Amino acid sequence: MPLEAFKALYLVSITLGGFIIVSLLAPARRQFPGSKILAALLAAVLVFPLHSYVQAATFAVPWPITLSTHCFILLYGPFIYFMLKLVSKRPMAMRSMLVHFIPFVITLSLVLADVDYPQKLLVILAALQIVGYLLFNLVTAFKHRSLLTTVVLHYRNSGFYWLLHIMLAATCYALLDIVLLMIQLWYQPLINDQWRAAVALISLYLVAIAGFYAYRPMWFPEPKDVDAQLPVSVSAGDSSFGSTTSTQQPMADSNAAGNTKSAKAIEFKNNTEHELTDHRELSDTLASALKQQLITLVEQQRPHLKNDLSLTELATQLEITASQLSELLNQHMGVSFYNWLNQLRYDEAQRLLLDQDCQQSIIDIAYLAGFNNKNTFYRVFKQQSGLTPNQFRQQQRNSLSPCSLQPE
């Protein structure tokens, strides 16, 4: 491949990347989940194409760019880890994040102080750091595999979905950078056009995915009002927390057979719950205490925001059995587990939609509110409010101050 083609690829990556960085830091997107972290990662990634372009164009690379090339590679691992924590809904505090920048700060200080150090040792340490972060990220991803699977399968075109793609591309880019640096130091002749093309294409791919994150192309159509036609019996409940009935009469439907099955299921559930009233494990006093404990848990730890929360997991947090939690909800609070859960998630989604400073898209709000898929979110929201989430947000913003609306 001719030199001019490489220069064009590098220049496109640098120009487009700079534009995406500015877009991510603009007021309309600054509050997107991970936008600042992604902007910082892109800035670190674009150092290598910038170095290659300047070298190809002038054959003399200024020392600040060379300095950045040797130091910024140490930022890939931390930034990828930060994004993984964000997608798994466990964002880190600023103090904890700063600890991960210690290797970068030490290396930068040594270079600025003009300390004589072996470059090969620096490359080896950088390689060990990236491999270490890669293994640590794999362990973290395996730990949260259920949540990540939910994002991939049910939240396409959300910010979290594109962050997963960015993490994968950034990991490949970091490994390729290390390989190229090691080849350059140990055996320069192996650096050929294929390696340069790989760096240019992966950096361009990473920038393109960052663009998808910023602008969310409408490749994955979202459900609209079709969810409102579903029977109310599967909704999150129309009552407030702690008073929602566990069964509701389904709406009239054109499909008589479907209504018959729903009615039979409700009747069977009612009969079953009636029979269980004589076999309660919890006294009224204990149930009252556990109810207060559950309310405190929800207020302090907000377990309902966990997209894959199960009855057993919640019971473990309360230090009771799953059957006791089921009895507490169904017989003492009059609400099924999933209706209780969806009610809390609906309240959280409504809070985010009412927030005038919230610029996140509808699908991101569904994920942040804890819904395990966007179809359930649309259905519950329509049945609770009578509006789709976008209609609700638009109505609220029309009645207050106007604010840019993100696409669903």
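What percentage of the 408 residues of the protein chain count as buried? The share is 47%. The model is predicted, and the legends below take the chain as a whole, then its salt bridges, its nonpolar cores and a surface patch.

**Figure 1. The whole chain is built with helices and without strands.** The protein chain has 19 helices and 0 strands. Among contacts between residues at least 6 apart in sequence, 73% join residues at least 24 apart. The accessible surface of the chain comes to about 20,000 Å². Carbon and sulfur atoms account for 63% of that surface.

**Figure 2. Glu 348 pairs with Arg 302 across distant parts of the chain.** The structure holds 5 salt bridges. In one of them, the side chains of Glu 348 and Arg 302 meet at 2.4 Å, N to O. Glu 348 lies in helix 16, residues 337-354. Arg 302 sits in the loop between helix 13 (284-301) and helix 14 (311-318). The two residues are 46 residues apart. Glu 348 counts as buried because its relative accessibility is 8%, under the 20% cut-off. Arg 302 has 32% relative accessibility, so this residue counts as partly exposed.

**Figure 3. Glu 348 also pairs with Arg 351.** Here the closest N and O atoms are 2.7 Å apart. Both residues belong to helix 16. They stand 3 residues apart, about one turn of the helix. Arg 351 has a relative accessible area of 43% and is therefore partly exposed. Which residues are linked with Glu 348 in a network of salt bridges? They are Arg 302 and Arg 351. Side chains of opposite charge can pair when their charged atoms come close.

**Figure 4. Lys 306 and Asp 308 form another of the salt bridges.** Their side chains meet at 2.5 Å, N to O. Lys 306 is partly exposed, at 23% relative accessibility. Asp 308 is partly exposed as well, at 25%.

**Figure 5. The largest nonpolar core has 77 residues.** Which members touch the most other members? They are Leu 41, Leu 42, Tyr 76, Val 87 and Ile 166. Helix 10 (residues 159-186) gives the most to this core, with 15 residues. Zoom in on Leu 41. Leaving aside residues up to four places away in sequence, Leu 41 touches Tyr 76, Phe 79, Met 83, Ile 166 and Ala 170.

**Figure 6. Another nonpolar core lies apart from the largest one.** This core has 20 residues. Among them are Leu 282, Ala 287, Leu 290 and Leu 344.

**Figure 7. Nonpolar side chains form a patch on the surface.** The patch covers about 690 Å². Leu 121, Ile 124, Leu 125, Leu 128, Met 182, Trp 186 and Tyr 187 make it up. Helix 8 (119-143) and helix 10 each supply at least two residues. Which helix gives the most? Helix 8 does, with 4 residues. Leu 128 is in helix 8. Is Leu 128 buried or exposed? Leu 128 has a relative accessible area of 57%, so this residue is exposed. The cut-off for exposed is over 50%.

Terms used:
Residues are numbered from 1 along each chain as its sequence is written. This is a predicted model: local features need pLDDT of at least 70, side-chain atom pairs count only at pLDDT 80 or more; totals for chains, interfaces and linings use all residues. Side-chain values use heavy atoms; hydrogens and water are left out. Buried means under 20% relative accessible area, exposed over 50%, partly exposed in between (1.4 Å probe, protein chains only). Contact means heavy atoms within 4.5 Å. Accessible areas come from the Shrake-Rupley method with a 1.4 Å probe; for residues, only the protein chains shown count as cover. A salt bridge is a side-chain nitrogen of Lys or Arg within 4 Å of a carboxyl oxygen of Asp or Glu. A nonpolar core is a set of buried Ala, Val, Leu, Ile, Met, Phe, Trp, Tyr and Cys residues joined through side-chain atoms within 4.5 Å. Patches are made of residues with over 30% relative accessible area and no salt bridge: like charges are joined within 9 Å, nonpolar side chains (Val, Leu, Ile, Met, Phe, Trp, Tyr) within 5 Å.
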